[in-house]
Amino acid sequence: DDDDDREERKGGAPAIVVVLDGMGDRRSRFDFDDDQDDVVFVSDAGLDGWEECRHIVNDVPATFAEVPSEARECESVYETTFDGRLRAKWKRWCVARPSEPFAYADWFLGPMDSLGAAYSYASHVIFGDWNACGKVMGLAPWGLLSEEEEAFVGDSSLTASSSSSWGRSTRRSWGRLVGALDVDAVEAESGSPLIAVAGRGGVWRSGFAVDRSATRRILARASESLPERERRALRRGSGGSFPPEVERDLWNKYDEGSAVDGARACCAVLAALVQRQFEAAALPLIHAAADDAAPKAVYVTGGVALNSVFNGKIRGDFDVVVPPAPGDESVALGCAAVAFGSAVDASLLPFAGAPAESDGDFFFPPSSDVSFDFDDDDDQEGAAAAAPEEEG
């Protein structure tokens, strides 16, 4: 059967792990001092294959030694081995911009050009909060309505019907405007995208390019297709042109009803294009990593892995696995799993998606290379008491 065929493939890895992070650790942190007995710092530099790992700084290939100390991890690819170890395969770093950390009056936005940070910038523009990326993901489908969906949104009988409450206020207000904005034309006429595969060498060689100025061009072009009343209201509320000089929280910026509707319709188009451009950039990374390793499974994690629409578009001769806690909470969970050296009970997590036939455990590959030193016997006994007992 298919499982047997995949098991017999020569040279294939059990799995690859693709981490789509917003902001990882600093490059300088990788230069830890082994002589500090009281400090245990675990980084990718201790993984198998680190010497052969491919590194990219923003969109330029580099050796690890050439990565600037102020750079931070962005996206990473790992490969598991048949004995349960993790190998570093590919890592993209982003150089921070020291002059801009607080330029946007919203923590985290300025310094990074990771995929997660690009999403955060769109979230800042639309909702005034870099950490409202889930709202951007949820808004995106409104900007990519099919003809049938547009007909549903514009159906006045549904809008007025008391028995059809789904999205009624949206369909009565800004939702009725989205169909006229033509997201394809907006994308074609807005210049370089917010997120794209960089260079001509493909994502595996050149990484990604992030252009924050694209949000202004997208919003301006979308507003040109609004009905005259909403277009004029937007310009009045923005001081003469849209978008305003300060792009932040456009969803709640305006008071006049027509301006509110126009701004939100444009924001829906921006969210749709962020989703589309993110998929066009990130899917090639996953497929390139899978082609290189021929895995049986692809694990996608990091905060961006909460994008369920994107996850559903990953296709290949492998299983796709999204951990039950792919965001920042997985850092603490992963540390606990390494410390205890055992599986983590998935029933303790805010997700009930373990297969019915499983025992409820979510497996973390063991790491026999990691050891923890304690100052005295009492600490060691306490750790042993806290560790879960092995079954069987």
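What follows is a walk through this predicted model, from the overall make-up of the chain to some of its salt bridges, a helix pair and one buried asparagine.

Let's start with the big picture. The protein chain has 392 residues, and 44% of them count as buried. Its secondary structure comes to 15 helices and 11 strands. To get a feel for how the chain folds back on itself, take the contacts between residues at least 6 apart in sequence: 65% of these join residues at least 24 apart.

Now for the charged side chains. Side chains of opposite charge can pair when their charged atoms come close. In this model that happens often enough to give 18 salt bridges, and a few of them are worth a stop.

Go to D44 and K91. Their side chains meet in a salt bridge, with N and O 2.7 Å apart. D44 sits in the loop between β1 (15-20) and β2 (54-57), while K91 belongs to strand β5 (residues 86-94), so this pair ties together parts that are 47 residues apart in sequence. Are these two partners buried or exposed? The cut-off for buried is under 20% relative accessible area. D44 has 12%, so it counts as buried, and K91 is buried as well, at 1%.

Compare that with the pair E187 and R276, whose closest N and O atoms are 2.7 Å apart in their salt bridge. This one also links distant parts of the chain: E187 is in helix α8 (residues 183-188) and R276 in helix α12 (residues 257-293), 89 residues apart. Here, though, the partners are partly exposed, with a relative accessible area of 25% for E187 and 26% for R276.

Back towards the start of the chain, R29 and D25 form a salt bridge through their side chains, at 3.6 Å from N to O. R29 is partly exposed at 38% relative accessible area, and D25 is partly exposed too, at 24%. If you'd like to see salt bridges joined up, look at R176, R229, E230 and D261, which are linked in a network.

Helix α12 deserves a second visit, this time for how it packs. Helix α10 (residues 214-224) lies against α12 with the two axes 9 Å apart and an angle of about 130 degrees between them. The two helices are therefore oblique to each other, and α10 passes α12 in a right-handed crossing. Which residues make the contact? From α10 come T215, I218, L219, A222 and S223, and from α12 come C266, C267, V269, L270, L273 and Q277. What kinds of residues are these? They divide into 8 nonpolar and 3 polar, with no charged ones.

Last stop: N307. You'll find N307 in the loop between β8 (297-301) and α13 (308-311). N307 has a relative accessible area of 1%, so it counts as buried. What does N307 touch, leaving aside neighbours within four places in sequence? Its contacts are Y119, M137, Q275 and F278. As for V136, it is 171 residues from N307 along the chain, yet the C-alpha atoms of the two are separated by 10.0 Å.

Note on methods. Residues are numbered from 1 along each chain as its sequence is written. This is a predicted model: local features need pLDDT of at least 70, side-chain atom pairs count only at pLDDT 80 or more; totals for chains, interfaces and linings use all residues. Side-chain values use heavy atoms; hydrogens and water are left out. A salt bridge is a side-chain nitrogen of Lys or Arg within 4 Å of a carboxyl oxygen of Asp or Glu. Buried means under 20% relative accessible area, exposed over 50%, partly exposed in between (1.4 Å probe, protein chains only). Helices (H or I, at least four residues) and strands (E, at least two) are DSSP runs, numbered from the N terminus. Axes are lines fitted to C-alpha atoms, for helices over the stretch in contact, and angles run from 0 to 180 degrees between N-to-C directions. Angles under 35 degrees count as roughly parallel, over 145 as roughly antiparallel, 65 to 115 as roughly perpendicular and the rest as oblique. A crossing is left-handed if the near helix is turned anticlockwise from the far one by less than a right angle, and right-handed if clockwise. Contact means heavy atoms within 4.5 Å. Ala, Val, Leu, Ile, Met, Phe, Trp, Tyr, Cys and Pro count as nonpolar, Asp, Glu, Lys and Arg as charged, and the others, Gly among them, as polar.
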